[in-house]
Amino acid sequence: MGLISVLWGVVAMIWMVLALIPLLGWGNWFLIPFAAVGAVIAAIGILFTSSAKTGRAKAGLLLNGIVIVVAIVRLGIGGGIV
């Protein structure tokens, strides 16, 4: 689960960089639910993995959390459309 969440976070991070380009801000509307699914996968990984092996899941949760926050801020700056 940890590896899946990290890969999911990397894909979300790449998508976020593309959505920062002007006139592609609408991509954040699709990015937020995508990253939220990655965060849920990471949370499940943290819950069901022994505490010594939760590093990847925590990294995935952090990546997806950063993507969600940046996407929400970007939508707020652009008025939700731009």
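Here are some notes on the nonpolar patch, the aromatic pairs and the core of this predicted model.

1. Start with the surface. A nonpolar patch there is formed by Val10, Ile14, Leu18, Ile21, Leu24, Trp26, Trp29 and Phe30. Taken together, these residues have about 800 Å² of accessible area. Two elements each give two or more residues to the patch: helix 1 (2-19) and helix 2 (27-48). Helix 1 gives the most, with three residues.

2. Leu24 is one of the patch residues, and you'll find it in the loop between helix 1 and helix 2. Is Leu24 buried or exposed? Neither, quite: its relative accessibility is 33%, so it counts as partly exposed, given that buried means under 20% and exposed over 50%.

3. Now for the rings. There are three aromatic pairs in the structure. One of them joins Trp8 and Phe34, and it is stacked, with 4.9 Å from centre to centre and 20 degrees between the planes. Because Trp8 sits in helix 1 and Phe34 in helix 2, this pair ties together parts that are 26 residues apart in sequence. Both partners come out as partly exposed: Trp8 has a relative accessible area of 25%, and Phe34 is at 23%.

4. Trp26 and Phe30 make another aromatic pair, this time edge-to-face. Their ring centres are 6.3 Å apart, with 85 degrees between the planes. Trp26, at 45% relative accessibility, counts as partly exposed, while Phe30, at 52%, counts as exposed. Have another look at the patch in point 1, too, since Trp26 and Phe30 are both on that list.

5. Which residues do ring pairs link into a cluster? They are Trp8, Trp15 and Phe34. So when you look at the stacked pair of Trp8 and Phe34, which ties helix 1 to helix 2, look for Trp15 as well, as it belongs to the cluster.

6. Next, the inside. Seven residues make up the largest nonpolar core: Ala12, Met16, Leu31, Ala35, Val67, Ile68 and Ala71. Helix 1, helix 2 and helix 3 (55-78) are the elements that give two or more residues to this core. Here helix 3 gives the most, with three residues, whereas in the surface patch that place goes to helix 1.

7. Met16 is a handy residue to click on in the core. Setting aside neighbours within four places in sequence, what is Met16 in contact with? Its partners are Leu31, Val67 and Val70. Leu31 and Val67 belong to the largest nonpolar core along with Met16.

Notes: Residues are numbered from 1 along each chain as its sequence is written. This is a predicted model: local features need pLDDT of at least 70, side-chain atom pairs count only at pLDDT 80 or more; totals for chains, interfaces and linings use all residues. Side-chain values use heavy atoms; hydrogens and water are left out. Patches are made of residues with over 30% relative accessible area and no salt bridge: like charges are joined within 9 Å, nonpolar side chains (Val, Leu, Ile, Met, Phe, Trp, Tyr) within 5 Å. Accessible areas come from the Shrake-Rupley method with a 1.4 Å probe; for residues, only the protein chains shown count as cover. A salt bridge is a side-chain nitrogen of Lys or Arg within 4 Å of a carboxyl oxygen of Asp or Glu. Helices (H or I, at least four residues) and strands (E, at least two) are DSSP runs, numbered from the N terminus. Buried means under 20% relative accessible area, exposed over 50%, partly exposed in between (1.4 Å probe, protein chains only). Rings of Phe, Tyr and Trp (its six-membered ring) pair if their centres lie within 6.5 Å; planes under 30 degrees apart count as stacked, over 60 as edge-to-face and the rest as tilted. A nonpolar core is a set of buried Ala, Val, Leu, Ile, Met, Phe, Trp, Tyr and Cys residues joined through side-chain atoms within 4.5 Å. Contact means heavy atoms within 4.5 Å.
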